[in-house]
Amino acid sequence: EAFRYCRSMRLLILPHDIDLSNVGRDIICATGSSRIAEDAGVAYEWNGNRITEESTSRRVNEWLFRHMDEAPFHKVCCNSSITTKQINDYLTQNGNDIALSIDPYHGMTPMHMLTTNPNAPAETIAALLDVNVEVAFCADNEGNISLDYARDYNIGGLVGIINGLCNHRHAA
């Protein structure tokens, strides 16, 4: 019930080492994430105001754990200990085009994910911006660009993006 009724919560990626049996019941009940899960065909089953079976909570928790597996770079960007080296290594291994990839649930780019991560260093965000400056202006399913998320979740990242955009403009 940690995030119950937090309707604005659209993104929750459970850590890779979490024990799903200890996550709890209905942690995303009545959130933006629960709507996304329902759209994906995974939902809590209710009997009145109670979940009918523990297995429905487990199914939703497993979906939370795995739903971003199709977008591994996005998951990397959500890591609370993300570094510039990790970003650069991923781009070297997978190519720079991955910077413009869109996740299937939120319509977000890896830059969106980085800027929603309050632990992402500004230089890490700048490293991804340097790959393709256009990524700063891609809108997600909610119409937000990376600057919107950086403003709300990562002020250092916002300053880094603005600085990177100014440098790009002056270099052009």
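Where is the place of Phe-137? Keep that in mind while you look at the structure, and remember that this is a predicted model. The answer is that Phe-137 is in the loop between H6 and H7. Let's stay with Phe-137 for a moment. With a relative accessibility of 49%, Phe-137 counts as partly exposed, because the exposed class takes values over 50%. If you skip residues up to four places away in sequence, Phe-137 touches Ile-145, Leu-147 and Leu-165. There's also a long-range neighbour to point out: His-112 is 25 residues from Phe-137 in sequence, with 9.9 Å between their C-alpha atoms.

The loop between H6 and H7 also holds Glu-134. Is Glu-134 buried or exposed? Glu-134 counts as exposed, at 54% relative accessibility. From Glu-134 to Ala-99 you count 35 residues along the sequence, and in space the C-alpha to C-alpha distance is 9.8 Å.

Okay, let's zoom out. The protein chain has eight helices and two strands. Going along the sequence, the pattern reads α-β-β-α-α-α-α-α-α-α, so you meet one helix, then the two strands, then the run of helices. The chain has 172 residues, and 43% of them count as buried. Its accessible surface is about 9200 Å², and carbon and sulfur atoms own 48% of that. What about contacts? Take those with a separation of 6 or more: 63% of them come from residues 24 or more positions apart.

Now for helix H6, which covers residues 122-131. Which residues of H6 are buried? They are Thr-124, Ile-125, Ala-127, Leu-128 and Leu-129. The cover over those buried residues includes H3, H4, helix H5 (110-116) and helix H8 (155-171).

Let's take one of those partners, H4. Two packed helices are described by the angle between their axes and the distance between the axes. For H4 and H6, the angle is about 25° and the axes are 8 Å apart. That makes H4 roughly parallel to H6, because angles under 35 degrees fall in that class. On the H4 side, the contact is made by Thr-84, Ile-87, Asn-88 and Leu-91. On the H6 side you'll find Glu-123, Thr-124, Ala-127, Leu-128 and Val-131. Notice that Thr-124, Ala-127 and Leu-128 are on this list and are also among the buried residues of H6.

Next up, aromatic rings. A pair of aromatic rings is described by the distance of the centres and the angle of the planes. How many aromatic pairs does a search of the whole structure find? Two. One of them is Phe-73 with Tyr-90, a stacked pair with 4.6 Å from centre to centre and 10° between the planes. This pair links distant parts of the chain: Phe-73 belongs to helix H3 (residues 72-78) and Tyr-90 to helix H4 (residues 84-94), 17 residues apart. Both rings sit on buried residues, with relative accessible areas of 1% for Phe-73 and 15% for Tyr-90.

Then there are Tyr-149 and Tyr-153, with ring centres 6.3 Å apart and planes at 25°, so this pair is stacked too. Here both partners lie in helix H7 (residues 146-153), four residues apart, which is about one turn of the helix. An α-helix has 3.6 residues a turn, so residues three or four places apart point the same way. Tyr-149 is buried at 7% relative accessibility, whereas Tyr-153 is partly exposed at 45%.

Those two tyrosines come up again when we look at Thr-115, which is in helix H5. Thr-115 is buried, with a relative accessible area of 0%. What does Thr-115 touch, not counting residues up to four places away in sequence? The list is Ile-125, Ser-146, Tyr-149, Ala-150, Tyr-153, Asn-154 and Ile-161. So Thr-115 touches both rings' residues from the H7 pair, Tyr-149 and Tyr-153, and also Ile-125, one of the buried residues of H6.

Last topic, the cysteines. The disulfide count comes to zero. Take Cys-77: the nearest cysteine sulfur is that of Cys-78, 7.0 Å away. A disulfide needs the two sulfurs within 2.5 Å, so Cys-77 is in no disulfide. Cys-77 is buried, at 0% relative accessible area, while Cys-166 is partly exposed, at 37%.

Terms used. Residues numbered from 1 in each chain as written. Predicted model: local features only at pLDDT ≥ 70, side-chain atom pairs only at ≥ 80, totals over all residues. Heavy atoms only, no water. Buried < 20%, exposed > 50% of the residue type's maximum accessible area, 1.4 Å probe, protein only. Contact = heavy atoms within 4.5 Å. Areas by Shrake-Rupley, 256 points an atom, 1.4 Å probe, with all protein chains shown as cover. Phe/Tyr/Trp six-rings, centres within 6.5 Å; stacked < 30°, edge-to-face > 60°. Axes fitted to C-alpha atoms, helices over the stretch in contact; angles between N-to-C directions. Parallel < 35°, antiparallel > 145°, perpendicular 65-115°, else oblique.
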